[in-house]
Every structure is written in structure tokens, then in C-alpha cells.
Amino acid sequence: MPLGNFASLIHFLPELAVTATILLLVVVHVAGKNRQSAAPALLSLAGVGAALLLAALQPASAGRSLFEGMVALDGFAIFFKALTALATIVVIFMSMDSGELAGRSQAEYYIFLLSVLLGMFLLTASTDIVMLYLSLELVSIPSYLLAGYLKGRESSTEAAMKYVVYGATASGVMIYGFSLLYGLTGTTQIGEIGRALATGDAPLPVLLAAVMVTVGFGFKIAAVPFHMWSPDVYEGAPTPITAFLSVGPKAAGFAVLVRFFYTVFASPDVAAGVWKISSRVDWTLLFGVLSAVTMSVGNLVAVNQTNVKRLLAYSSIAHAGYMLMGFVLLTPAGLQAILFYLVVYLFMNLGAFYVVILVANGTRSENISDYSGLGSRAPFAAVSLAIFLFALTGIPPFSGFIGKVYLFAEVINRGVYWLAVVAALNSVVSLYYYARIVKVMFLEDPKDSTELPVPLFPRSVLCFLAIPTLLLGVYWEPVARVAANSVKLLAF
Amino acid sequence: MTGPANLIFYALAALTVGSAVLVAVLPNIVYAAVALLFSFAGVAGLYVFLSADFLAATQVLVYVGGILILILFAVFLSNRISDVKISNPARFQWQAALLCLALFGVLSTTAVRTVFPLKHGLTYQPTTAEIGELLMTRYLLPFEAASVLLLAALIGAALLSRPDGKGKGSADMEEPK
Amino acid sequence: MLTDFATVLVFMVLGAVTVALLLLVSRLVQPRDPTPVKLSTYECGEVPFGSSWVQFNIRFYVVALIFIIFDVEVALLYPWAVIFQRLGMVAFVEAFVFIVILLAGLAYLWKEGDLDWVRTMQDAPARKEGK
């Protein structure tokens, strides 16, 4: 029985904290004089920190339906709340240090960032298509604004423009799919839709709806062929936002993809402890192909990139492909692998982007060729970047390796060998372009040998990102356990 | 539905689709914008046939009265508009037509062949009060979330469209090559 | 309900017919004797030059954008107003929260000077330095 609106408020504290922070940011901006003060950043840090704490304190054991069935409070939602809040905190640190954002009005930036966070909180918990659509827009619209935040810089405006056009189309197609589902079942609750579809027999509209919904979610996780926007947006957006988009909304996209498809188009098979496809539409095959294509396109195109942000954009497409492998298996272990991979990916990907920001602050360049000799110019940053890149490749003993082991093990366990082979080949390709950056940094002579100073604050943030990247490669058990616990509650 | 009502429905549908086609094919964007007005108005009429009177009014209020004006402003605002030819030239016409036809085939087949569960005995009732009640009870969370979305959109709209010299400031990073 | 909208339809049809009729009548009765001078754009007796396409002031656009946001807000609040008496205090609190969040946006616009038309244009250079 879902809780009523006012009874739900007590279980809604993280979201309320973020909302209150957004309002406070507006008030501080209106009352304050200095537009470039650090107050908004610090206030956002406090607010998101509080939200993270409140989310972590929420009881994961009791799965509850809140606000008349609009959102769910289960381990899955709590996991993603904590994950996205953590990513936002790191991104706030990165933003405080970014040369691109210095000299611009600060409050609006953090208002948008926190609006996206609120949207992600709601999106990962949505159990009603009205709520789901609205929270997806709450993630998207401030994201467009953030991508175009560098007003006056052409590439940033272009990024925002492309993002809006693609995003509007994707969400339009998605809501058409929702309308089909509503028309078939007469309810907006995804649980009820799932039950109604399981008994119904109409493969064509269900397939069409599944494909159309995939467009919307695929756009959010930047899966091929809905990835066209991402390289341009990633390149043009301010780098902290690029980092944010490649982790936060992507994780939220995975969360909603899993919750929606596992509830609407599949039903839990309690006896076997897995999910089974409930309609006659075999969407797992569709997503298997999507996964293989996504990782292959991402990796193969990344090879030729000369701009680091663009390269990381394609690499993040490839990683979405890896994670989709866990999605098609319909097992708790597959989901656990996705969740674990997302944690690992958060640290390594944000870390890599942070080094890009630090280098860009010093050299004003994002070209790979300008990274030559970084090993001697800024050894600390170069070593950190090497750690993050090797982790992204998935080489032992870095954490990315463990993330991939979980994914591959479950794929092989379920007998989807062709996908495992494709993924293994892709990992080899990815080694080439990640290692190329490392080679440029350490083996090529610097064009400009002046030292790039990395102050204490960025150093400590880099440590905060690098230590988990290393540690999770040797001692991952607690995080894996949390991931496993977060999966159990979903939809069962 | 009785005869004349049927006729009006088809007239509205033709108005909507015909204007939408004009929006796509007219080379002059001002004409296209005006065609869009009729398309929006036609959609509002179709909402009336679906017994969605509030939605029809909102459609007129927001789309016809707001979005369309904004689009026209955007056309008038375009910088150096007298220097460039105002047009949206069409490319890849055949491929696009083929794709659209295929999509149309799929969508219309689905719509026609699917047996949607119908609600019988429908009477045309005003819906505004019902919507209000749902917004205040069941859909309260989306309602409140919409206000945060509108807040972000409001600030973003003002920030991005505000005319100021920012962006050429000294602290600005150079365009990365 | 449908009959109410039939009135709307009749009204719209009458409006369209009236316009068409008036145009037709004036077309029928007008004398037509075009010369190049008559066909040129009327510019208070001056010889027209340049294009009639001048750039709009961008502030129209800002105001239009802001208008749309508040337009949507009103559209969402209208159903609330209809049932306000029935639901009473609960609905009041719920709509109050909604409005307060958007009032923050209004305060932002006010502070940024997006709402006042004349002053902002004069102060624009000064504001730039203050940022």
C-alpha cells in the first residue's frame, strides 16, 4: 500500500534537502552582492553532503512506495541516490577549481547542478510514468543549460543546441511509447502496466513501445545509435559538466532503464531468483546487440580522437556498452555487476576528467599532443591520470578490472558467449588508445617544459578519487556486498 | 459520433496534418511559423473531441499564445537576418520520405490493428476539477517537481537569453582547438 | 460540453468568414492602378532604403521566455483554483509550496533586472563591470 503524500515526507528527506538547497541558493544569490563568491559552491556542498548522509541513513531493508505510488524507496533507489550525490559532490569540487567557470556567475550554475541531482533522485525512484517523464525532464533541461553555460563560447553554445534538439526528439519518442503503454493498460503505474502486459497478448504495440522507450533511455545513457549528441556535447560543455554528464545522468539512466524494463517488460521469477521476460517481445536480444554495437562503436571511434574530452566521450559510450551487458542477463548478479561497475566508473572517470581540467587550467589546451612530457611537468597529475586510464582499460590490479570481472563472469555464467567475446576484443582496442595517452605523457618530450603546478586542494581531491580506484582493485568486497544488497529489493 | 461531428473531426485532423506538412515544406520560416499556428489550433480542436477540454484550453494558452509567439520572436531576432536567405533548404528528401513512410506504416498499423481497451459510455464532461483534484492528491509529487523544473527553466532562460557582454571577459578560457 | 465548444467553433468560423468576406469585398470594389511609386513601401514620404528586416530588441525575447514559464505555471494552477474550495487547507498548502518555489524565480528575475525594461538598458555597461 503506497504511503500518502504527507506521510511520505519523512522518507523524502534527501530530496527535500536538495530542494531546500536550491531555494537557498536563489536566496543567497538575490541577497548577495558578489557573483563570483564561493558561497554558492560551499552551500551546494553542504546541501548535497546532507542529502548524501540522509540517503545513506535511509533504511534499505524496507521497500516502500511513496507519494501515492509515484516513487519507490528501496535499496536500489537509495544506492543510486548515494551514487549520484557522491558524483555531484566531486563535480562541485571540480567546478570550484575549473578555469572555464571562473569569472562567471556562480549561483545559477549550482542551481542547475542541484536541479539535475534532484531529477536524478526522482528518476531513479520513479514508479509512475508521469513522475518518470517529469523527472527525466528535470534531469535533461538543466543539463542543456549547463552544457551551454559558457555563454559566448561557440562550442559550448553548439553543445547546448545539439543537446536540446536531440534530447527533445528522444523524449518525444519516449513519451509516444508511454502513451502506447497507457493506452494498452489504462494505468500510469509501472507495476500495474507490467502485470497487465503479462496477461495481455499484443506483441506489436508492446514491441513498438519498448523500442520507443529505449530511445529515451538510450539517449540518457548515450548508447549507440542514440549517442550522436555526446561527443559534441562532451567537447563543448564545461569540463566539470562533461564529467558530470558522463557519470551522473548516465547512472540515473541505467537505474531507470533497469527499473522500467524489469518491471514493465519482465517479471520476477521468485523461485529461480531471476527475472523472466513477461511479454512475447524478446527485448534482451535487442539490448544484447545494442550493447555490442555500443561498445564497438565507442572504442573504435575513440582510437582516432585527438581531443582528450572527445576521446573520453567515446570511451564513456563504450563503458555504457559494457554495462548494458549486465542489463540483458535478467539476473541479480548481472545487476550487481552494473551497480559495482558504476561505482568504480564514477571514481575513474571523474578522476580522468579532473586531470583534464587541471591540465587545461595550465596549458589552456585539451589536445592529446599537448600532454607530451606531462610526466615531468606535473608528475602527480600524470601519474593519477595514468592510474585512471589503466583502470578505465580494465587492467589488474586496478578497480576497473574487478568491475569487468563481475560483468564478464556473469555474462559467461549465463552462456552469452558471443557478447563476452565482443567485449573482450573491445577491451583490447581500448588498451590501445588509453595507453597512447600514457605514452604521450611519459615517453614523449614536452613541447614546453615549464612545470605545471598542481596546488594542494586539487591534489587532495585527486587522491580522494585515485585511492578508491586503486583500493577497489584489491579490496572490493564491501562495495560488492552493498551492490548485491541494493539489487535484491528491486521489484521483488 | 454523429455525422456533422464526424465531419468536423476530419476537418480538424486535416487542418492539423496539412499545416504540419506545410511547416515542414515551406521554405520561408515565417510562413512555416504561421502554419504551425494552425497545426497547434487543430490539435486543440482534437483535444476537445477527446473530452479533454482543459487540455484544449491549455494548448491554446501555452502553445498558440506562448510558444508560437516565442518562435516568431526568435525569427525576428535572428542576427543579420537581411544578409542571410531566410530558408530551411530541404536535403536528403528521398531518404527522409522513405524513412517517414516506413515509420508512418509502422505507427498506423500499430494504431489500427491493436485492440485498445475502450471505456464505454463516455460522456463529455468538464475535466478541470478532476484534473485539479488529481494534481492535489495522487499526482502531487509531479506537480511540485514541476515547480522546481519551472524554476530551473526560468533562471536558465533568463540567464542564457539576457543580453550582456559576458563571455568576452578576461578570465575566459580560449577556445580549445 | 461538446455543445459549448460548438459555440466556439461557430464563433471561429464566423470570424474567418467575416475576414475573408471583407477582403473579398474590398478587392472587388477597389480601383487598381499600380505605378512603381505606389508599389514601393510607404515611408512617410521619404524614399525607402535598406531592408525592412531589422533586428528586434533581444529583451522582447527574454520577456517572452519569462512569460511562457509563468504561463505554464498558471496553466497548472488553474485546476487547483477550481477545486480549491472543496479541498480547503490541504490544497492551499500544496499550492503555496508550488508558488513559493516559483517566487524564488521571480525574485531572481527582479534582482537581475530582467523585469525592468528601461533601466537595464541604460545600466548595461555599469552592470557588466559589476559582474
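A residue counts as buried if 20 or more other C-beta atoms lie within 10 Å of its own, as exposed if 12 or fewer do, and as partly exposed in between. With 13 C-beta neighbours inside 10 Å, Ala81(C) is therefore partly exposed. Ala81(C) belongs to helix α3 of chain C, residues 58–87. Between Ala81(C) and Ile99(C), which are 18 residues apart along the chain, the C-alpha separation is 13 Å. The model described here is predicted.

**Backbone features of chain A**

Two residues of chain A that are not glycine have a positive phi, Phe67(A) and Arg364(A). For Phe67(A) the angle is about 50°, and the residue sits in the loop between β1 (64–66) and β2 (71–73) of chain A. Because 30 other C-beta atoms lie within 10 Å, Phe67(A) is buried. For Arg364(A) phi is about 55°, in the loop that runs between α14 (332–363) and α15 (374–377) of chain A. Arg364(A) has 15 C-beta neighbours inside 10 Å and so counts as partly exposed.

Cis peptide bonds also occur in chain A. One joins Val224(A) to Pro225(A), with omega about 5°; Pro225(A) is in the loop between α9 and α10 of chain A. Another runs from Pro396(A) to Pro397(A), with omega near 5°. Pro397(A) is placed in the loop between α16 (379–393) and α17 (399–413) of chain A.

**Packing of α7 and α9 in chain A**

Helix α7(A) (residues 154–185) and helix α9(A) (residues 203–221) have axes that come within 8 Å and cross at roughly 150°. Angles over 145 degrees count as roughly antiparallel, and α7(A) and α9(A) are therefore roughly antiparallel to each other. The crossing of α7(A) past α9(A) is left-handed. Residues of α7(A) in this contact include Tyr166(A), Gly167(A), Ala170(A) and Leu184(A), and those of α9(A) include Pro205(A), Leu208(A), Met212(A) and Phe219(A). By class, the contact of α7(A) with α9(A) has 15 nonpolar, four polar and no charged residues.

**Domains of chain A**

The domain assignment divides chain A into domain 1 (8–277) and domain 2 (282–492). Their C-alpha centres are 21 Å apart. In the contact between them, 49 residues of domain 1 of chain A meet 49 residues of domain 2 of chain A. On the domain 1 side, α4 (75–96), α9, α10 (229–236), α11 (239–264), β3 (266–269) and β4 (274–277) of chain A each supply at least two residues. The largest share of that side, 15 residues, comes from α11(A).

**Contacts between chains**

Chain A touches chain B through 44 residues, which are in contact with 33 residues of chain B. Elements that each supply at least two residues of the chain A side are α2 (13–31), α5 (107–125), α6 (129–147), α7 and α9 of chain A. Of these, α6(A) gives the largest share, nine residues.

In the contact between chains B and C, 47 residues of chain B meet 45 residues of chain C. Here α3 (53–77), α5 (128–136) and α6 (140–161) of chain B each supply at least two residues of the chain B side. The largest share, 14 residues, comes from α6(B).

The table gives the residue classes for one side of each contact.

| Side | Nonpolar | Polar | Charged |
|---|---|---|---|
| Domain 1 of chain A, touching domain 2 of chain A | 32 residues | 11 residues | six residues |
| Chain A, touching chain B | 21 residues | 13 residues | 10 residues |
| Chain B, touching chain C | 31 residues | 10 residues | six residues |

Technical notes: Residues are numbered from 1 along each chain as its sequence is written. Chains are lettered from A and ligands numbered from 1 in the order in which they are written. This is a predicted model: local features need pLDDT of at least 70, side-chain atom pairs count only at pLDDT 80 or more; totals for chains, interfaces and linings use all residues. Two residues are in contact if their C-beta atoms, placed from the backbone, lie within 7 Å. Helices (H or I, at least four residues) and strands (E, at least two) are DSSP runs, numbered from the N terminus. Ala, Val, Leu, Ile, Met, Phe, Trp, Tyr, Cys and Pro count as nonpolar, Asp, Glu, Lys and Arg as charged, and the others, Gly among them, as polar. Axes are lines fitted to C-alpha atoms, for helices over the stretch in contact, and angles run from 0 to 180 degrees between N-to-C directions. Angles under 35 degrees count as roughly parallel, over 145 as roughly antiparallel, 65 to 115 as roughly perpendicular and the rest as oblique. A crossing is left-handed if the near helix is turned anticlockwise from the far one by less than a right angle, and right-handed if clockwise. Domain bounds come from an automatic or database domain assignment.
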